[in-house]
Every structure is written in structure tokens, then in C-alpha cells.
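Here is a short set of exercises to work through with the model open beside you. Try each task before you read its solution.

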Amino acid sequence: MRTPHLRLLRRSWTAALAAAGSVALLVSGFIATPTSAAEAGCRVDYTVNQWAGGYTAQVKVTNLGPAVNGWRLNWTYADGQRVTSAWNATVTQTGASVVAANADWNGSLATNGSAEFGVQGTWGSANPAPTDFALNGVACGGTGTTPPPTTPPPTSPPPTTPPPSADCGSAVICSGFEDQTGTTPSGAWQFAAPDCQGAGTAAVDTSVAHSGSRSLRIDGRAGYCNHAFVASTANLASVGPVMYVRMWVRHTTALPAAHVTFVSMPDSSQGGRALRVGGQNGALQWNRETDDATLPAQSPAGVAQSRPLPTGSWQCLRFAIDTTAPKLDTWLGNEQIPGLHADGVPTQDIDQQWLARTTPPRPTALRLGWESYGTGDDTLWFDDVAVGSSPIGC
């Protein structure tokens, strides 16, 4: 149960922003810096979102030469920028030189094919976009050709790992709620109010669905004692070492400034207290019940690296929870959310607070619903929910 004095310590910063317009301008500043190649080699689109001392960059590399199986993109930072984390690629930095190598599933680039990845980092006096990108040694914008291999190429491309499939197959949880026969959750899904029960309700809905003819509907109510969840009866204690969670969620009211939760996972590393996904300050966040830590930090710069949960439409939300290290990844659709990414290396305004606790999480169950700690009514639907030990796509 959350203690009131903790809630008072880190609630909405919207009033603070209203009193500090210069901060609001800094956080909302967005720099789109396309850097492109010409006739051969590659093209790179490098789009920056920056704040005081930090930035994220979404990088799209397009191969303009012969098809490749496995790629490395090199560039140089001119003003002391440092990469602190990355997603969808392995990124290393030596001095000013940076190398990004493909992930297992995005290494094949046909002619005119593209791959996208992202980096997060820090900067000091300036943060100009790099201008010297090279793909597998060929300058983007240059006229060079791919160097010949030292050994004969294979007669067919080697196999690559495809992006995660939306089919959850033999996952421990793989449910579209089509097995529900009444309006009250039953069987593999049971109503639950972990701490206290009030006006919130849960039902099986046959009028709204992402696929099939049924979904799970939660009418969430504001106020701490209105918890309303539907819990899967599946035991998740042995799912891993990385637990992958995929769900489609639709809701009607924008996430409030106050803290709310709509996914709650009992966590044995916290003695059964919850690892939670919800919102605060209008954006998605992780929350750990034991110490009330959040991911990202609830500062303007931290929340700016999260995303709102769009209303009025089905959204694919995915998590990867490492049960061997305090690491997390979160995707909304196919976008990995920078502020909801903990890579084990503390980053100010992102996961510094989260990584103060080094014990890896060990979720044992899944609960879907609504839990408010002050204001915030919402009506939500969940559908096509999956939990397994292998990546599960949208």
C-alpha cells in the first residue's frame, strides 16, 4: 500500500512548469536534423529530441548499395556528446567515434532497405548532428562501393532472426478472452481487488474488441480504495530469463497528472508487492511498490522521454522484463520508449532512481485493471494478451 507522505513528495510538476516558462520551452524543444546521403552508399536520417544536458536520437539508415547481411554504422561526435544507452542496435563509443551494429533481427538490408534504432546520451555546450556517417566502411553521400569480401560469399543469405511474431502460440498466457462465456470474468481470469475494493468494476465485453468478439472491460474509479483488476490464474514464476508481455489496450480518458496503474504484477523480489505500469503527469510510467520508485523520474526532463497513452483507439503495449538484472524495455506499437528503458547504467532523469534498487524483478502473476491514488476515472479495454519467454510482437 502506498504511504501518503511518499505521494506528496513527487506529485504533478505541472504547477511548477506554469511558474517556470523557460523550463517548459527547454523540455518541449524538438530538433529534427535529417542528414542524408547522395547517389551511393547510404542515407541516414538523424532526428534529435534534446533537453538541458541530454538527448535522444532516432536514427534511420537506408542502404543505397548492394544488399548486405549484417551492418555497422559509424559516425563521429564533434562536441563531446556521449552515448549512454541504445535500442534496436548495439552501440559502442571510443572517444568521439561511435559504432552501431545491427541487432539479431534487423541485420539484412536489401538495396533501398532501411533499419531504425535509437540512442540516448549527454551533451555539454552544443549538440550538432554528425555529418560523417559510413555504412560498412562506405561513406554516406560518397561514391565508394562495398569492399569485396575476403572469402567467397554464400550462395544464399544466412538466416536471420525475424521481428517478433504477433502469434503468441504456446506462451504461458495467450488470451483474446474468447473462452469467456458470460459477462463476469471466470476460469483463467478472476476479479481481484489487491488492497481494497470500491466502485470499480470489471466485465467481459462483447461490443468492443481488438480481434474476435470479446475483450475485458474495466470501469475504473478515482480514489485509492476503488481497485478493480482481473487477474490471470497462470503462474509466471518460471517465465524467463526475460519475460515478454504484449497486450492491446484501449482507454477513454487521458492519463492524469496524479498516479494511476492499469497493469499490476505481484513481484516475489518485493515480497509480493507489485511491479506496476500506469501513468503520472500525463505519460506512461513504471512504478515499484516497495520504494515508490518510478521509471522515468518524474522531472520535466524525465517525463518528456515517456509518451502519453493515446485515447479512443487500440494501442499495442509491450514489455521485456529481465529477471536476472534490473533491466526493462517498453514499446508502444513499434516505438521503444526512451524514458521506459532501464539498461543497468543509471541515467539522470531516466533510470537513476529506478536502479537504486539492484535486485532483479521476478513477476509471478499478471493483473489488468485500474488503481487510482487520488483523481482519475477511466474506462479501459484489454485484448490479445500474451506473456512468454520469447519476444511477442504486435
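**Exercise 1. Find the volume of the second largest pocket, then describe its lining.**

Solution. The coordinates come from a predicted model, so every value here is computed from that prediction.

Step 1: the volume of the second largest pocket is about 310 Å³.

Step 2: turn to its walls. The lining consists of 18 residues, and Q58, W87, E116, E335 and Q336 are the ones nearest the centre.

Step 3: trace the lining back to secondary structure. Strands β2 (42-51), β3 (54-63), β10 (114-122) and β25 (335-336) each give two or more residues to this pocket.

Step 4: sort the lining by class. There are 7 nonpolar, 8 polar and 3 charged residues.

**Exercise 2. Describe the largest pocket: what is its volume, and which residues lie closest to its centre?**

Solution. Step 1: the volume of the largest pocket comes to about 970 Å³.

Step 2: its lining has 39 residues, and those closest to the centre are N88, W105, D329, W331 and Q336. Keep an eye on Q336, which is also listed among the residues nearest the centre of the second largest pocket.

Step 3: look for the strands involved. At least two lining residues come from each of β6 (82-87), β7, β18 (242-251), β23 (315-322) and β24 (328-332).

Step 4: the classes are 21 nonpolar, 12 polar and 6 charged residues.

**Exercise 3. How many cavities of 30 Å³ or more does the structure hold, and which residues line the largest cavity?**

Solution. Step 1: recall the idea behind the search. Rolling a probe the size of a water molecule over the atoms shows where empty space is left.

Step 2: the structure has 1 cavity of 30 Å³ or more. The space in the largest cavity is about 70 Å³.

Step 3: list the wall. Its residues are D267, S269, L275, R288, P326, K327, L328, W354, R357, T359, P360 and P361.

Step 4: by class, this lining has 6 nonpolar, 2 polar and 4 charged residues.

**Exercise 4. Work out the strand order of the open sheet with 5 strands, and find which strands stand at its edges.**

Solution. Step 1: write down the order, which is β7-β8-β5-β11-β12, with antiparallel pairing.

Step 2: look at the ends. Because β7 (89-94) and β12 (138-139) each have a single partner strand, one side of each is left without a neighbour in the sheet.

Step 3: check one pairing inside the sheet. Strand β5 (residues 72-76) runs antiparallel to β11 (residues 134-135), and 2 bridges join them. One residue pair to locate is L73 with its bridge partner L135 in β11.

**Exercise 5. Do the same for the open sheet with 7 strands.**

Solution. Step 1: the order is β14-β17-β26-β19-β20-β21-β22, and the pairing is again antiparallel.

Step 2: the edge strands are β14 (189-192) and β22 (294-295), each of which pairs on one side only.

Step 3: zoom in on β20 (residues 274-280) and β21 (residues 283-288), antiparallel strands joined by 6 bridges. Within this pair, Q280 has A283 of β21 as its bridge partner.

**Exercise 6. Are P194 and W248 buried, partly exposed or exposed?**

Solution. Step 1: place P194 in the loop between β14 and β15 (201-205). Its relative accessibility is 34%, so P194 counts as partly exposed.

Step 2: look at what P194 meets. Leaving out residues up to four places away in sequence, P194 touches H227, F229 and R367. The C-alpha atoms of P194 and H227 are separated by 7.1 Å, although the two residues are 33 apart along the chain.

Step 3: move to W248, which sits in strand β18. At 14% relative accessibility, W248 counts as buried because the cut-off for that class is under 20%.

Step 4: with residues up to four places away in sequence again left out, W248 touches H210, W314, Q315, C316, W381, F382, D383, D384 and C394.

**Exercise 7. Put these details into the setting of the whole chain: how many helices and strands are there, and what percentage of residues is buried?**

Solution. Step 1: the chain has 4 helices and 27 strands.

Step 2: of its 394 residues, 52% are buried.

Step 3: consider the contacts between residues at least 6 apart in sequence; 70% of them join residues at least 24 apart.

Step 4: finish with the surface. The chain exposes about 16400 Å², and carbon and sulfur atoms supply 55% of that area.

Terms used. Residues are numbered from 1 along each chain as its sequence is written. This is a predicted model: local features need pLDDT of at least 70, side-chain atom pairs count only at pLDDT 80 or more; totals for chains, interfaces and linings use all residues. Side-chain values use heavy atoms; hydrogens and water are left out. Two strands pair if DSSP finds at least two bridges between them. Buried means under 20% relative accessible area, exposed over 50%, partly exposed in between (1.4 Å probe, protein chains only). Contact means heavy atoms within 4.5 Å. Accessible areas come from the Shrake-Rupley method with a 1.4 Å probe; for residues, only the protein chains shown count as cover. On a 1 Å grid over the protein atoms alone, a cavity is a set of points where a 1.4 Å probe fits but cannot get out, and a pocket is an open set with protein on both sides within 12 Å along at least five of seven lines; lining residues have an atom within 4 Å of a point. Grid points are joined across faces, edges and corners, and a volume is the space filled by probe spheres set on the points. Ala, Val, Leu, Ile, Met, Phe, Trp, Tyr, Cys and Pro count as nonpolar, Asp, Glu, Lys and Arg as charged, and the others, Gly among them, as polar.
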